[in-house]
Amino acid sequence: GNSITRHGILPEIGWYWDWGMAASALENDYVHLLVDKINMIEPDTSFCVCQVAKWECEYKNGSEYLQAYKSARDFEADVIVFRMIENCPHQDFDKYTFYREYQNLIDYLNPTGKAKIILTTGFWKHPGDDTIIRIAKEREYPYIYLGELGEDDKMKAIGLFEHTGIANHPGDLGMKHIAELIWKKIKKII
């Protein structure tokens, strides 16, 4: 994921926590809401969070950044949720390059092909959402369309942060909806 999944402390913009931006607490970001749901069924489950914002920003050369995610690859996950795209630049978005590089990222993080893969589109509508859906259909992966959430101000943290970038991130309600939509797909797998 990206900042919606986990964002470290960045005081210069008013973000003082290390969890999914702009959840009110660690337990309210979508990752930890999912962890709680999964642990209710499988209490001994372990988790790995992989922050790929750099890959998103540089997706045109994404293969050059794969080694940065070696620890996530070595985790050998049984289920991988790709909850990302928001940091891929909209201007001059190259869907053909994204198509290739996104699949390279999937294959890198799942080298044995044993992991179940779930894809999501962007929280905010993105020109690459269609490419993610195309890949999901071609590879027969479940996917979740999230773009409508980003259109609804109730799903954001507007009014809770001065910095508009933080405020436009999903607030607790948005995080809850993201978690619930992903959970519907995960519970079919586990």
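This report covers the paired strands of the structure, the helices that link them, and two sites elsewhere in the chain. The model is predicted.

**Strands and crossovers**

Start with strand E2, residues 116–120. E2 is mostly covered, with four of its five residues buried. E2 has strand partners in E1 and in E3, and the table sets out both pairings.

| Pairing | Residues | Sense | Bridges | One bridge pair |
|---|---|---|---|---|
| E1 with E2 | E1: 79–83 | parallel | five | Val81 with Ile118 |
| E2 with E3 | E3: 143–144 | parallel | two | Leu119 with Tyr143 |

Between E2 and E3, the chain passes through helix H5, residues 129–139. This β-α-β crossover is right-handed.

The link from E1 is also worth tracing. Strand E1 runs parallel to E2, joined by five bridges. From E1 the chain goes through helix H4, residues 95–109, and on to E2. That β-α-β crossover is right-handed.

In E2, Ile118 is the bridge partner of Val81. Leu119 of E2 has its bridge partner, Tyr143, in E3. On side chains, one general point applies: in a regular strand they alternate between the two faces of the sheet.

**Helix H5**

Which residues of H5 are buried? They are Asp129, Thr131, Ile132, Ile133, Ile135 and Ala136. What covers them? The cover includes helix H4 and strands E2 and E3. Just after H5 comes Glu140, which takes a positive phi of about 60°.

**The segment before H1**

Gly8 lies in the segment before helix H1. Is Gly8 buried or partly exposed? Its relative accessible area is 32%, so Gly8 counts as partly exposed. Leaving aside neighbours within four places in sequence, Gly8 is in contact with Trp15, Trp17 and Asp18. Gly20 sits twelve residues along the chain from Gly8, and their C-alpha atoms are 8.7 Å apart.

**A nonpolar surface patch**

Helix H1 spans residues 30–41 and contains Ile41. Ile41 is partly exposed because its relative accessibility is 44%. Which residues join Ile41 in a nonpolar surface patch? They are Met40, Ile189 and Ile190. The patch made by these four residues has an area of about 380 Å².

Note on methods
Residues are numbered from 1 along each chain as its sequence is written. This is a predicted model: local features need pLDDT of at least 70, side-chain atom pairs count only at pLDDT 80 or more; totals for chains, interfaces and linings use all residues. Side-chain values use heavy atoms; hydrogens and water are left out. Patches are made of residues with over 30% relative accessible area and no salt bridge: like charges are joined within 9 Å, nonpolar side chains (Val, Leu, Ile, Met, Phe, Trp, Tyr) within 5 Å. Accessible areas come from the Shrake-Rupley method with a 1.4 Å probe; for residues, only the protein chains shown count as cover. A salt bridge is a side-chain nitrogen of Lys or Arg within 4 Å of a carboxyl oxygen of Asp or Glu. Buried means under 20% relative accessible area, exposed over 50%, partly exposed in between (1.4 Å probe, protein chains only). Contact means heavy atoms within 4.5 Å. Two strands pair if DSSP finds at least two bridges between them. A crossover is right-handed if, with the strands pointing away from the viewer, the path from the first strand over the helix to the second runs clockwise.
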